[in-house]
Amino acid sequence: MSIPSGPPHERNVISGLLRNEFLAHEQLTTDRHALTPQPWLKSKHFQTGWLGEIYDVLVHGGLVDIYQHLTAHPGTDRTTAVVQIVTQHMWRRYEEKALAGLPGEALEDPQFWQSLQGQLRDMADPDRPTDLRHVRHDAYAILQQAPGPPSQASGQPSRPRQRDEWGLWGELAVIDAVIDNPAWGRPGHDAKFCYTPSDPEASPYWLQPQDFSDHTFAEVWDALVTGPDPAVALPEASDPTLRPEQRRQAIAEHIWQRLWHNDRARAADDPMAAARLKDDTYPALWTFLNGGSPNLHSNPELATHYAVEHVLEPSIPSAIHALAGQVASDGQMDASLPDVAAKLSETLAALDALKERINQGPRTSTTYSPADQGPGAVPQTNNGFADLDKERRVVLSLISDPTQFAADWRVQRLHRHDFTKPEHRYLFQASKNSLNQQGLPHDPALLAQEAARLAHHDRAAPLNTIELLQLQQAAASQQAPAAAGQAAGHLIFLTVRRATQRASTVMSTAANRRGAHPGHLIDQSRDQIVQATNEALRYDYAPAPDRPNTAAPAG
């Protein structure tokens, strides 16, 4: 069988490695000075399977074998040697697959190997018209388009939100300042945008691409600071022998090439990327990156203040909106309650990381609404997540057989707010109380009276007397009531759905409030998610985690 050629940017990366065995170390590793530097591009990021396998064998021994062979045989034809060595590595890989019981039809298919060698010969051709300096940018495009969720190292697109002139000015000012002072954007003594996150897997930068309102500026920040192989880490960015304008030009070219290669790779499927390649986006971008903007009139020393006031904090409402949508989706997914709790815990972690990043930036003079201003009234609604028939069955079953309170763990997890109808809610509470209060017989008539008293004590609306009498009579006439356990579990499940829906609504309502303090907004959202998580964890014993200490550092 013949094999597909694959997209040009994937082929360009493989071609670069086949033609220069040092490129992986020079352009695709996170720390070239580490004892064992690791490439930030992985085989799983390739959309074309066989090209990903070629990449994997190259970075795991193939490039070393190529170097050793060419060193030992300096007069050999490079292309022929490279094709043979990589083919041998691939053959061994497919043999191992076959021994492990994995599909290995390629071993018996001469056409596959002929096609593979032809593809390798084409990519290893030293006269192939690709610039080896740009392999890093094609690799970045592979990472951006990798299947599955976006890699944390690759950054994320900006969050859609309302753009304003001051916000765009602030974004430009931050980028311009870091281009002129690259040490501010990389870990070290002079770093201004770095911190040590509590999650060791998190990015060490408190300003992230998704905080920018402009998509192009978000990608510029990723190429400049937060992404793999960033411009601030270029040797030219820290070369003391270069003049400032030379250093800026090297950084500008790196960013421009990164964005241009990324748009070129996705232009076929992204009309906006295709449009940017044709309009004045890239000429204007080069003008700014290479020479700055004379109309900015910004103070580079205030870059971190601009970053907080004009970039990070204005992005919080849209971030909360996005998380609110995720919470609503998590609450409705067809999964067990522990799984729902696990998804909600991920949202808690995202909120905590957001608060942590805010607290790393300098304090600003921005005026926000009073701290005690809540998200406003949120209508109490069941949103269809109620089952009155099961509520009635559970109440009648527990009145008739109160031993289930001690015998069934699902009944033990029930709370009165699992019942949406007041008569059901207070009858359940009265029935539960009767087991804990001496002198209160477990009699349907007395329980109905106790339910009415409990409602009056809570200053709730008077219960429907006819409804109470009907429930009382139904309980008294039951001969063999059905067990309440399964229906009780269903009521808890519906409570979780109501709780997540309410959390989502509160978060969205709070995010819509003009002038909301970002820190308070995150805290309000977190409180809602904790409540929903604890509802889901009633099928487990572990409560939701306490809010971490994210107080702003002193000074």
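These legends accompany close-up views of a predicted model.

**View 1. Confidence across the predicted chain.** The protein chain has an average pLDDT of 86. Of its residues, 87% score at least 70. Two stretches that fall below 50 are residues 151-155 and residues 541-545. Residues 151-155 make 16 contacts in the model beyond near neighbours in sequence. For residues 541-545, the corresponding count is 11 contacts. Where pLDDT is low, predicted coordinates should not be read in detail.

**View 2. Helix α13 against helix α21.** Two packed helices are described by the angle between their axes and the distance between the axes. Here α13 spans residues 337-360 and α21 spans residues 518-536. Their axes come within 9 Å and cross at roughly 165°. An angle over 145 degrees counts as roughly antiparallel, so α13 is roughly antiparallel to α21. The crossing of α13 past α21 is left-handed.

**View 3. Residues at the contact of α13 with α21.** The α13 side includes Leu337, Val340, Ala341, Leu344, Leu348, Leu351, Leu354 and Ile358. Ser345, Thr347, Asp352 and Lys355 of α13 also take part. From α21, the residues met include Pro518, Ile522, Ile529, Val530, Ala532 and Ala536. Gly519, Asp523, Ser525, Arg526 and Thr533 are also among the α21 residues in this contact. By class, the contact has 14 nonpolar, 5 polar and 4 charged residues.

**View 4. Asp229, a buried loop residue with positive phi.** Asp229 lies in the loop between α8 (215-226) and α9 (244-266). Its phi is near 55°, a positive value in a residue other than glycine. Is Asp229 buried or exposed? Its relative accessibility is 8%. Buried means under 20%, so Asp229 counts as buried.

**View 5. Arg459, an exposed loop residue with positive phi.** Arg459 sits in the loop between α18 (444-457) and α19 (465-477). Arg459 is not a glycine, yet its phi is positive, at about 60°. The relative accessible area of Arg459 is 80%. Exposed means over 50%, so Arg459 is exposed.

**View 6. Thr48 in the loop between α2 and α3.** The flanking helices are α2 (23-27) and α3 (49-72). At 10% relative accessibility, Thr48 is buried. Which residues does Thr48 touch, not counting those up to four places away in sequence? They are Gly6, Pro7 and Glu10.

Technical notes: Residues are numbered from 1 along each chain as its sequence is written. This is a predicted model: local features need pLDDT of at least 70, side-chain atom pairs count only at pLDDT 80 or more; totals for chains, interfaces and linings use all residues. Side-chain values use heavy atoms; hydrogens and water are left out. Helices (H or I, at least four residues) and strands (E, at least two) are DSSP runs, numbered from the N terminus. Buried means under 20% relative accessible area, exposed over 50%, partly exposed in between (1.4 Å probe, protein chains only). Axes are lines fitted to C-alpha atoms, for helices over the stretch in contact, and angles run from 0 to 180 degrees between N-to-C directions. Angles under 35 degrees count as roughly parallel, over 145 as roughly antiparallel, 65 to 115 as roughly perpendicular and the rest as oblique. A crossing is left-handed if the near helix is turned anticlockwise from the far one by less than a right angle, and right-handed if clockwise. Contact means heavy atoms within 4.5 Å. Ala, Val, Leu, Ile, Met, Phe, Trp, Tyr, Cys and Pro count as nonpolar, Asp, Glu, Lys and Arg as charged, and the others, Gly among them, as polar. pLDDT is the predictor's confidence in each residue, from 0 to 100.
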